[in-house]
Every structure is written in C-alpha cells, then in structure tokens.
Amino acid sequence: MEKYDVIVIGGGLSGVAAAIAAAREGCRVLIIEKGNAFGGAAVNSLVNPFMPNSTKVNGKIIEFSQGIFAFIWDKLKERQAMNELSFLEEELKFLLNEMLCKANVDILFHAYLFAVDKDGRKIKSITVATKSGVICFEADYFIDATGDAMVAYLSGYPTLTGREKDNLCQPMTLCFRLGNVDVHRFFASKPRLDMEYKKALERGELINPRENILVFLTPIDNVLHFNTTRVVKLDPTNAKDITKAEIIARRQVFEIYEFMKKHADGLENSFLSATASEIGVRESRKIIGEYVLTQDDCKNCVKFADAIAACNYDIDIHNPEGSGTSHYYFPEGEFYTIPYRSLIPKDADNLLVAGRCISSDHEAQASYRIMPTVCTIGEAAGTAISLAVKNKTIVKNINVKELQKRLKENGAFIGL
Ligand SMILES: Cc1cc2nc3c(=O)[nH]c(=O)nc-3n(C[C@H](O)[C@H](O)[C@H](O)COP(=O)(O)OP(=O)(O)OC[C@H]3O[C@@H](n4cnc5c(N)ncnc54)[C@H](O)[C@@H]3O)c2cc1C
C-alpha cells in the first residue's frame, strides 16, 4: 500500500490550496478528486464569480483572501481569463493542474472516496473506487476538503447537516449558461422580465420558488451565467434526494429559459450552451469541531487568538424553505476571523477539515463559504498539517503561533 505524509481528499479550491501549502513545506502529498479537474464547485457546478472578500479602510482596499488565492487571481488576470470577478473555468482548471504539478503533489483523478479505516483517534487509510478497482492509501495525516465532510463522516466523527433546528440546508442550484445573447437588450428588458416573473410566481405558475432571476455577466461578451434554479428541503448528502434535486433543477432550467424567451429581449438567437455537470450544493454536512464558529462571532467581528483566515462576505442565506434571500452586511472596515480550532474535528488526531464544511453554525457558513475564503482556509489547513508532520504531533498540538507566522510569511492575511 502506498504511503504519504498527507492525503487531501477533494480538489475544490480548499483542497488544492491545502495540497500546495503542505507540499511547499516539504510534505509528500497526494490529492484525490472524483472528477477530472480541480476547482470543485467552480468547475463541477459552474459556480461563478468569485465573491468579494475585502473592505476599505481610509479609502484603501484591503483584500482578505491573499496567499494562494491572490496567486490564482493574478494568473487568471494575466491570462485575460477574468472580467472583474468572473472567470473562465477552463483556464482555472488548467492553472490548478499546473500549480499542483509544479508543487510536486501526486494527483489521482476519477477516484471516489468511500471508506476510511480508523484506529482509535487516528485514520490509518482511506479507500477509493477507481478505474483500476478499489485502492487503499495510507498516510500519517489527512485533510477532508470534500465539501460534504465525507472523510469525517466516514470516520465516525460527529457532523451536523444544515441548520441546527431542522437540518434543512441552503437550497441547491443547477447553474446554466446561455450563449449568443444580445446582452445589452437582455438587461434593458430585465425590469419587465422581473415584473412578469414575480406575477407568474404569485399565480403559482412556476415550479422554481426563487424570488427573482439571478444572472451574471461572464468574460465572454454574448454569454450569460444564471444562478437561479432553487431546490429546497432535500438533503444533498442523501443519494435519492440529490438525484431528485438534479431532475427538479433541470426542469427549472427549461422552465426559466422558456419563460425568459417569452418575456425578455435579446434571446432570439440564444441557446442553452451549458448546464453544470453537478447541481451546486451550498451547504451540507459540517463537522463539529474543537470550536463551532457562530453568527454572533461573525457579527461581533471577533478576532480569535488562533485566527487562520479573515472574511467579511455578507451572511447570505438563500431560504432553505422556499422563496427569499436574506443578507447581513458587515460594516465597512470590519471583518471576522476563522479560528484554527474550527478545522479540527472533535477527537481527531490526524485529520483536518478545510472548505465549506468546517465547524460552524448555519449562518456563519453562509458567509465564509465563498470561494476566496475557502481557498484561504485550505492554505491554512495544509500549512498546519505540515507542522504536525514535522513535529510528529496530533493536529490539536501544533504550534499555532508558528502556523500564523508561516501563513503571514507566505502572504496570507489572517487579521492579526
Ligand atoms: C449554486 C452555488 C452558487 C454559489 N455562488 C458563489 C459565488 O457566486 N461566488 C463564490 O465565491 N462562491 C459561491 N458559492 C460557494 C462556493 O462555490 C463553495 O462554497 C466553495 O466552492 C466550496 O469549496 P470547497 O473546496 O469547500 O468544496 P468544493 O468546491 O465542493 O470541492 C469539493 C471537491 O471534493 C470532491 N469530492 C467530494 N466528495 C468526494 C469523494 N467522496 N471522493 C473524491 N472527491 C470528492 C468534489 O468533486 C469537489 O471537487 C456558491 C455555491 C453554490 C453551490
């Protein structure tokens, strides 16, 4: 059986950053991804754009997602693969492959994690289903960057799905793109479209419960990005529920497109150029960690002594029960930090979690879940694991001051 210092499971932005961060500190790292490319939700679910994670202090913009995220951002800009915050996912896939190869990270695509072998508080190996059959890999340490806290869940560490009160998660959304749109005429007619959409919703004519049509420009002139389907009250980690969600969402795509063709201008020559290969999951399982980050911590802009990342994206909750989206915006100049303890599953000795499934309540997750922030969480997880590898210590006992020093030396902003 092959053995690594660190295995990262999940190749979203958090997993990629974790793998690169651990490898640059000298660890032998394997990253495992069930798909054929890195980027996670950005590529599997066509999630776009990068939401902003910055503020202004005395007229000066402070970016909270620095480090590896800033490198990705700069490279995409350099390659003219970005339009303000929107990016071309094909360029992102290529860039992330090259970054991981350059960092000497071993890569395994088309590998689905389905079992974990644990001895007491330690994970010994993980098992994946691949084209060559079932393969086991051993490592001293693991990072769960699956979004669904799959490793933690399969290891028997406690997790919580969705909201505390009823386990409902934020809605799932199948993103889609329309090509060959006369974008100028489309947006000129958007107020009329929104009015008609609202009336149709009130008359009960639409299966999509979302309150309006959410559309974004892309780096391509005549292509629009829609993040507007909404599937509620289904569990993204339940095999039957997620299948049902894909079917409902695809109906919604066609419903919305037909509706828009009737009520908007600029779509006469348009076509449905893409739907995501996977429905987008905003929230599913979160670990219960050494510290549970709460909405009060966020709203009080707490600066934790063990901070490893900073965020001030709004608490952006798409109603888990149907229509409506709520926002809590942070005052200008303010932000909260994310403590290292929220990456440690309770009672885990050699596992860290990165990305949207760290330990928090439903509301806090609604803020830090954005791509720029999960990337910084991943970078912190990879750097932290490298300290555990070097000192042969359990994840709870790493020197947090040393972690923070390394993160800052590598360009991260951690709010301290
Ligand atoms: C519809 C929608 C709209 C959003 N809008 C925005 C937005 O506009 N801007 C923004 O910044 N953020 C947005 N977000 C949030 C953001 O996209 C995600 O929270 C973020 O990408 C999560 O990153 P991650 O690395 O934690 O997980 P993911 O990106 O989900 O990556 C997890 C990876 O793990 C892999 N994986 C999972 N299970 C296994 C397994 N068993 N075996 C092997 N591999 C596995 C997956 O294939 C995936 O590649 C949106 C999310 C959704 C769903």
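**Strand pairing and overall fold of the chain**

Strand β13, covering residues 176-179, runs antiparallel to strand β15, covering residues 224-226, and three bridges join the two. Within this pairing, Arg177 has His225 of β15 as its bridge partner. The model is a predicted one, and the points below place this pair of strands first in its sheet and then in the chain as a whole.

**The sheet around β13 and β15**

- The two strands belong to an open sheet of four strands, whose order is β14-β15-β13-β16 and whose pairing is antiparallel.
- At the edges of this sheet stand β14, residues 215-217, and β16, residues 271-275, each of which pairs on one side only.
- From one strand to the next, the twist of the sheet averages 30°.
- In general, the strands of a sheet pair through backbone hydrogen bonds, in either a parallel or an antiparallel manner.

**The chain as a whole**

- The secondary structure of the chain consists of 12 helices and 23 strands.
- The C-alpha trace spans about 65 × 55 × 45 Å along its principal axes.
- The radius of gyration of the chain is 21 Å, which agrees with a compact globule, because a globule of 416 residues would be expected to have a value near 22 Å.

**Burial and contacts**

- Of the 416 residues in the chain, 49% are buried.
- Among contacts with a separation of 6 or more, 77% are made by residues that lie 24 or more positions apart in the chain.

Methods:
Residues are numbered from 1 along each chain as its sequence is written. This is a predicted model: local features need pLDDT of at least 70, side-chain atom pairs count only at pLDDT 80 or more; totals for chains, interfaces and linings use all residues. The radius of gyration is taken over C-alpha atoms; the globule rule is 2.2 Å times the number of residues to the power 0.38. A residue is buried if 20 or more other C-beta atoms lie within 10 Å of its own, exposed if 12 or fewer, and partly exposed in between; C-beta atoms are placed from the backbone. Two residues are in contact if their C-beta atoms, placed from the backbone, lie within 7 Å. Two strands pair if DSSP finds at least two bridges between them. Axes are lines fitted to C-alpha atoms, for helices over the stretch in contact, and angles run from 0 to 180 degrees between N-to-C directions.
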